[in-house]
Amino acid sequence: MKRRRKSAYSKLRAKAVKSVRKASKKFASSRRKAAKKIVKTTRKTIRQTRVSTNKARRTLAKRTKKTVRAVKRFTKASKRNTSKALRGARKAIQARKKKKLERQRIQRKALKAAERARTRRELTGDVSLVGASAVEASDDPGASKPGEPPKRRTGKGQSSIKAELFRQGKQVKSRVFVDKKIAPYMALWEFRPDAKQRPFLKPTIERNMSILGKIIGTELRQLATAKPKRKAKVT
């Protein structure tokens with residue numbers, strides 16, 4: 001049986017179908033390749049974005065920690081410097097106050113000494129003791145007994161007995177005392193509260209009151225002409 005010959009239309013139609021199929025396959029293949037490429041590019045972009053984000057996050061965290069440490073160091077240094085400055089200021093204020101108080105103390109001391117020198121007079125020198133009666137200790141060797149005056153050994157206790165005249169307001173007074181700066185133990189023996197006291201000053205003054213009055217009289221007349229005491233003002 002003989003084959004029928006295809007017409008030109010059939011051939012053309014078959015050729016067109018074949019070309020369409022080939023183009024469709026090629027388009028589908030290129031579309032699949034493009035889709036694969038897009039997916040691959042997207043995945044790569046996501047990975048790069050994640051890496052960049054993580055890197056930026058780590059860098060930001062590191063810089064933040066560094067900034068926080070720097071701020072803490074600065075705050076600590078500022079507090080330390082502020083505390084140091086405050087301590088220095090307080091020390092300077094205290095030093096100024098101390099100097100001021102010291103100047104005031106020296107001024108008060110000087111004024112007090114000047115006032116004392118103006119209104120007080122110490123009685124010194126040799127005087128006649130004719131008719132005077134002194135309290136004497138026993139001749140027994142060793143220390144004095146309770147009720148007796150202290151025995152003379154070095155003369156320090158004797159030199160500690162002072163007499164002075166002083167002006168108090170409009171009145172002129174006198175006193176005989178033991179200078180504690182020279183011999184404090186003498187005042188202890190004189191005014192000891194127990195039964196072991198060695199009185200020497202009060203009994204002697206009581207026995208020689210008239211003689212002491214004559215000696216002090218001339219000094220009292222001289223001191224009575226001094227000006228009255230004034231209150232010192234310290235600035």
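Okay, let's start inside the long helix: in α1, Gln-104, Glu-115 and Thr-119 are buried. Before I go on, remember that this is a predicted model.

So what about the length of α1? The helix runs over residues 8-119, 112 residues in total. At 1.5 Å a residue you'd expect a span of 166 Å, and the C-alpha atoms at its ends are 159 Å apart, which agrees.

Staying on α1, here's the charge pairing. How many salt bridges does the count come to? It comes to 1 salt bridge. That one is Glu-102 with Arg-105, with the closest N and O atoms 2.6 Å apart. Both residues sit in α1, 3 residues apart, which is about one turn of the helix. In general, side chains of opposite charge can pair when their charged atoms come close. And are these two buried or exposed? Glu-102 has a relative accessible area of 35%, so we call Glu-102 partly exposed. Arg-105 comes out at 39% relative accessibility, and therefore counts as partly exposed as well.

Right, on to the sheet. We have an open sheet of 3 strands, in the order β1-β2-β3, with antiparallel pairing. Which strands stand at the edges? Those are β1 and β3: each has a single partner strand, so one side of each has no neighbour in the sheet. On average, neighbouring strands here are turned by 20° against each other, if you ignore direction.

Let me take the pairings one by one. Strand β1, residues 120-122, is joined to β2, residues 161-168, by 3 bridges, and the two run antiparallel. In that pair, Arg-121 stands opposite Leu-165 of β2. Then β2 goes on to β3, residues 171-178, through 8 bridges, antiparallel again. If you want to click through some residues there, Lys-162 stands opposite Phe-177 in β3, and Glu-164 has Arg-175 in β3 as its bridge partner. The hairpin of β2 and β3 has 2 residues between the strands, and Gly-169 takes a positive phi near 70° in this hairpin.

How does the long helix sit against all this? α1 lies across β1, β2 and β3, and runs at about 70° to β1.

One more residue in β3 before I leave the sheet: Lys-173. With a relative accessible area of 33%, Lys-173 is partly exposed. Its C-alpha is 9.9 Å from that of Ile-216, and the two are 43 residues apart along the chain.

Last topic, the nonpolar core. How many residues does the largest one have? There are 7: Val-178, Ala-183, Met-186, Ala-187, Phe-200, Leu-201 and Ile-205. Two helices, α3 (184-190) and α4 (201-207), each supply at least two residues of this core. If you pick Met-186 and leave out residues up to four places away in sequence, Met-186 touches Pro-150, Gly-157, Ser-160, Val-178 and Phe-200. Val-178 and Phe-200 on that list are core members too.

That's what I have for today.

Terms used. Residues are numbered from 1 along each chain as its sequence is written. This is a predicted model: local features need pLDDT of at least 70, side-chain atom pairs count only at pLDDT 80 or more; totals for chains, interfaces and linings use all residues. Side-chain values use heavy atoms; hydrogens and water are left out. A nonpolar core is a set of buried Ala, Val, Leu, Ile, Met, Phe, Trp, Tyr and Cys residues joined through side-chain atoms within 4.5 Å. Buried means under 20% relative accessible area, exposed over 50%, partly exposed in between (1.4 Å probe, protein chains only). Helices (H or I, at least four residues) and strands (E, at least two) are DSSP runs, numbered from the N terminus. Contact means heavy atoms within 4.5 Å. The expected span of a helix is 1.5 Å times one less than its number of residues. Two strands pair if DSSP finds at least two bridges between them. A salt bridge is a side-chain nitrogen of Lys or Arg within 4 Å of a carboxyl oxygen of Asp or Glu. Axes are lines fitted to C-alpha atoms, for helices over the stretch in contact, and angles run from 0 to 180 degrees between N-to-C directions.
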